[in-house]
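Please walk me through this structure in short questions and answers. Start with how two of its helices cross.

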Amino acid sequence: MERGLLFAIFAVLSLLALANAAPSSINEENFDQFVVTPVRYDGDQMWSVSFTDDQTRKVIKTLNEEFDVTLWANNHAAADVLVKQSAVNKVREVLEDNNIQYSVQIEDLQKLIELEALPSKQNTATKLDHPLTWTAYHSTEDIFKFLDYLVEKYPNLCSLQTIGYSVENRPLKVLKISNGNSGNKAIWIDGGIHAREWISPASVTYIVNELVENWESQPDHIKNVNWYVLPVHNPDGYEYTRSTNRMWRKNRSKGGNNCFGVDLNRNYGYKWGGEGTSSNPCSDIYRGSKAFSEPESAAVKNFFDNTEEKKFGAFLTFHSYGQWILHPWGYGNVLPDDHEDLARVGKEGAKKIKELDHQVYTPGNSAALLYPAAGASDDWGKSIGIKYSYTIELRDTGRYGFVLPPEYIEATAKEALSFVFTVSGEIAN
Ligand SMILES: [Zn+2]
């Protein structure tokens, strides 16, 4: 009986999950198609649409309402939007009727997702005692095995703590890298707060690997820092993008209207609920019922509330995409008192990346460069007194968007590492 009841509950929950992942609601006629997972994107296209004026914005809003065109990224000049195969012709007509310029960036999203699943090179059997590579995207489990390996191999340098658990009870693991010197400053790094931004955990783990495996040859400004790294801030969402819906952004908490997920990067407690957030649980930028309503964001707050570490000098949160180095405030067009320092280091970081591999990252204030978004983690980090707080939007600038092929992981991760060096060099002074 109990087992039967459990099964019934599981079945209902599964259906709710599928209903949420699926493009429209379940009814008797279309029930079968929803039983099949994962969500597919056959023939769906990503277009870059140029903004010329407010009229263009209005048209894009209408496209969202009428044809379910969804926004991937936008700035003042253009918007990247996902157009479903069934709407391609109609959307094209509307844009052409309104003289709006656009270009097709991704012809078939499903094909790209399938290509992405292939590693960039043959994964030759490595001698390493962990499964992580930077030629393919890996599971949370692989990332955790890598962290365990580091702690085992470098017990005097690395330690691991679980700062909380996700909605689905996955651990939120923070790796501390420290030589134990008493004068050390501290830097926080996190990745994967947005589930579909796979390059973020890949780059953050790359940074960890480079720091730890080459520790002895690191400069003093790296060694004299206590590093706290949360590579997978949103493990439930990340696993959901791997198993079911590659384009999922939020966590997996159950909200109202049978919708799942809170945008963890709208759930932090500084100016929570302001511009660029939604109170609709079905929205991709749903802010949650209150600040820190989600265990994943609350765990980071609790970590900072309880840490004995006094000298956090930087809060670096890695996202994709767009190649931006963004600094607070993000909640509105307001600058912190020390914005010149933040702008200078952001600019320096961009310059270093350009010297490294010619990639262009644009530094600046996030609300001014992109759009206001309240309740983001970088604003919160800044609000608790961490000077160098940045959101780094990694590659690319819209060719592949969130579905960056694995052959670009290493180069992108090196750019992320370069920025970490810039910031730690600054803090050491
Ligand atoms: Zn993001």
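Q: In which hand does α6 pass α7, left-handed or right-handed?
A: This is a predicted model, where local features need pLDDT of at least 70, side-chain atom pairs count only at pLDDT 80 or more, and totals for chains, interfaces and linings use all residues. Residues are numbered from 1 along each chain as its sequence is written, and side-chain values use heavy atoms, with hydrogens and water left out. A crossing is left-handed if the near helix is turned anticlockwise from the far one by less than a right angle, and right-handed if clockwise. The crossing of α6 and α7 is left-handed.

Q: Why do α6 and α7 count as roughly parallel or roughly antiparallel to each other?
A: The axes of α6 and helix α7 (residues 199–213) cross at roughly 10° and come within 12 Å. Axes are lines fitted to C-alpha atoms, for helices over the stretch in contact, and angles run from 0 to 180 degrees between N-to-C directions. Angles under 35 degrees count as roughly parallel, over 145 as roughly antiparallel, 65 to 115 as roughly perpendicular and the rest as oblique. So α6 and α7 are roughly parallel.

Q: How many nonpolar residues are in the contact of α6 with α7?
A: Contact means heavy atoms within 4.5 Å. I143, F146, Y149, L150 and K153 of α6 meet P201, T205, V208, N209, V212 and E213 of α7. Ala, Val, Leu, Ile, Met, Phe, Trp, Tyr, Cys and Pro count as nonpolar, Asp, Glu, Lys and Arg as charged, and the others, Gly among them, as polar. The contact of α6 with α7 has 2 polar, 2 charged and 7 nonpolar residues.

Q: Are α3 and α4 roughly parallel or roughly antiparallel to each other?
A: Helix α3 (residues 54–67) and helix α4 (residues 88–97) have axes 11 Å apart. Their angle is about 160°. Therefore α3 and α4 are roughly antiparallel.

Q: Which residues of α4 meet α3?
A: The crossing of α3 and α4 is right-handed. On the α3 side, the contact uses V59, L63 and F67. On the α4 side, the residues are K90, V91, V94 and L95.

Q: Which are the edge strands of the sheet of 8 strands?
A: Helices (H or I, at least four residues) and strands (E, at least two) are DSSP runs, numbered from the N terminus. Two strands pair if DSSP finds at least two bridges between them. The open sheet has the order β5-β6-β8-β7-β9-β12-β10-β11, with mixed pairing. Each edge strand pairs on one side only, and these are β5 (158–165) and β11 (362–365).

Q: Which residue in β8 stands opposite K185?
A: Strand β7 (residues 185–191) and strand β8 (residues 225–230) pair in the parallel sense over 6 bridges. K185 stands opposite V225.

Q: What is the order of the open sheet of 4 strands?
A: The pairing in this sheet is antiparallel. One of its pairs is strand β1 (residues 45–50) with β4, over 4 bridges. The order is β2-β3-β1-β4.

Q: At what angle does α4 run to β1?
A: α4 lies across β1, β3 (78–83) and β4. Its direction to β1 is about 5°.

Q: Why does A343 count as buried, partly exposed or exposed?
A: A343 sits in helix α11 (residues 339–357). Buried means under 20% relative accessible area, exposed over 50%, partly exposed in between (1.4 Å probe, protein chains only). A343 has 29% relative accessibility, so A343 counts as partly exposed.
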